[in-house]
Amino acid sequence: MDNYATNAGGPLTHWVRTEPIRDRRRLHAFQEEFTQRVGGVHVEPVDGVPLAMAGGVTGLEDLMLGLGNTSPSLCIHPTTGGGEDHVMLTRWNQGQSTFTARGRQWDLADGDAVLNIPGQIATVAAHTSSQICMATLSRKRLAAMHIDVDAALLRPQRGNAAAAMLSGYVRLLHEQQGALATPPLQRAAALHVYDLVALVAGAPGDVAQLAHGRGVRAARLLAVKQDIENHFTNPALSAAMVAARQGITPRYLHMLLEQEGLSFSALVLERRLALAWRMLADPRLMVRPIGAIALDVGFNDLSYFNRSFRRRYGMTPSQTRSECAQARR
């Protein structure tokens, strides 16, 4: 098993990755280490498919967030002491599984989510390669939000929008470690996770309204920022395109950004200019024409690129390239 950790100034994320395990001795060693790392859970390969797993777990205040992929497998969760203090929300992003707990069995597939108590015996049989998102939270803190935890337990939900948003939020928190770089950001992210889980668990009116205005908004804002990050080099990128991909209206997208003191056009421009500066400073790209770099980062108007670059950095692109070259000598 390959183990490594990252924190980028924020909470520590433990990453685990193993290539398909075909040797029985290696499998036993992996099973022992896996059991120690994930609270006694035992994992077995099924259907003769070599076991392969990859994922990460982040501790954040009083919760744990996990996102991982697994080959077809059987996970057995044992009974442990103290589990009643926490609840675990699991969402199947992809794959087909059978979940068994308290003598009952459910067939779960893409988009299904279920809330259960960690520390109580349960099994998850992944019949296909699967991606699973998990959040383990304080039961007391959820109850303080007026969530009827007992009523929400072991009631699988299909196509729950808040569960889908939670899964996307957890993924982005893992990918954007800077989003958890300071204690205030960490507290905010934890609060947003509780808001989203509360919505999945059936938050009552006032609580649901607050969670929508706080947790849902934060998750959507982070998703919008990541969408822009992924596509800002596309010259045709527009707020309407990003909004369509995120399932929101352009007006709502602009509102999300405005509440953070941002604008769509300024955010896209800043990302393009920052990339242009890095490319101009890169000695490997010294022979690449400045006009080509402008196109690479998403500008289709060279004069606008030059004006914007000079306004941002106080010098022209050619001056920037020249000064960076001199600094390397």
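This passage describes the overall make-up of a predicted protein model, then one pocket, one cavity and a residue in the cavity lining.

The secondary structure of the protein consists of 12 helices and 13 strands. Along the principal axes, the C-alpha atoms fill a box of roughly 70 × 55 × 30 Å. The protein has 329 residues, and 45% of them are buried. Among the contacts with a separation of 6 or more, 68% are accounted for by residues 24 or more positions apart in the sequence.

The surface exposed by the protein amounts to about 16,500 Å², of which 53% is supplied by carbon and sulfur atoms. In terms of charge, there are 34 positive and 28 negative side chains. The centres of these two sets lie 7 Å apart.

The second largest pocket has a volume of about 450 Å³. Its lining is made up of 20 residues, and those closest to the pocket centre are Q176, A179, L221, L222 and K225. Four helices each supply at least two residues of this lining: α4 (161–175), α5 (183–200), α6 (205–231) and α9 (264–281). The largest share comes from α6, which gives eight residues to the lining of the second largest pocket.

Besides pockets, cavities were also considered. One cavity of 30 Å³ or more is found in a search of the whole structure. The volume of the largest cavity is about 60 Å³. This largest cavity is lined by F99, A101, R102, N116, I117, Q120, I121, A122, L153 and L154.

One of these lining residues, L153, is described further here. L153 is placed in the loop between α3 (149–152) and β13 (157–158). The relative accessible area of L153 is 9%, and L153 therefore counts as buried, the cut-off for this class being under 20%. When neighbours within four places in sequence are left aside, L153 is in contact with V87, R102, L115, N116, I117 and R139. Of these contact partners, R102, N116 and I117 also line the largest cavity. A294 lies far along the chain from L153: the two residues are 141 residues apart in sequence. In space, the C-alpha atoms of L153 and A294 are 54 Å apart.

Methods:
Residues are numbered from 1 along each chain as its sequence is written. This is a predicted model: local features need pLDDT of at least 70, side-chain atom pairs count only at pLDDT 80 or more; totals for chains, interfaces and linings use all residues. Side-chain values use heavy atoms; hydrogens and water are left out. Buried means under 20% relative accessible area, exposed over 50%, partly exposed in between (1.4 Å probe, protein chains only). Contact means heavy atoms within 4.5 Å. Accessible areas come from the Shrake-Rupley method with a 1.4 Å probe; for residues, only the protein chains shown count as cover. Lys and Arg count as positive and Asp and Glu as negative; His and the chain ends are not counted. The place of a charge is taken as NZ of Lys, CZ of Arg, CG of Asp or CD of Glu. On a 1 Å grid over the protein atoms alone, a cavity is a set of points where a 1.4 Å probe fits but cannot get out, and a pocket is an open set with protein on both sides within 12 Å along at least five of seven lines; lining residues have an atom within 4 Å of a point. Grid points are joined across faces, edges and corners, and a volume is the space filled by probe spheres set on the points.
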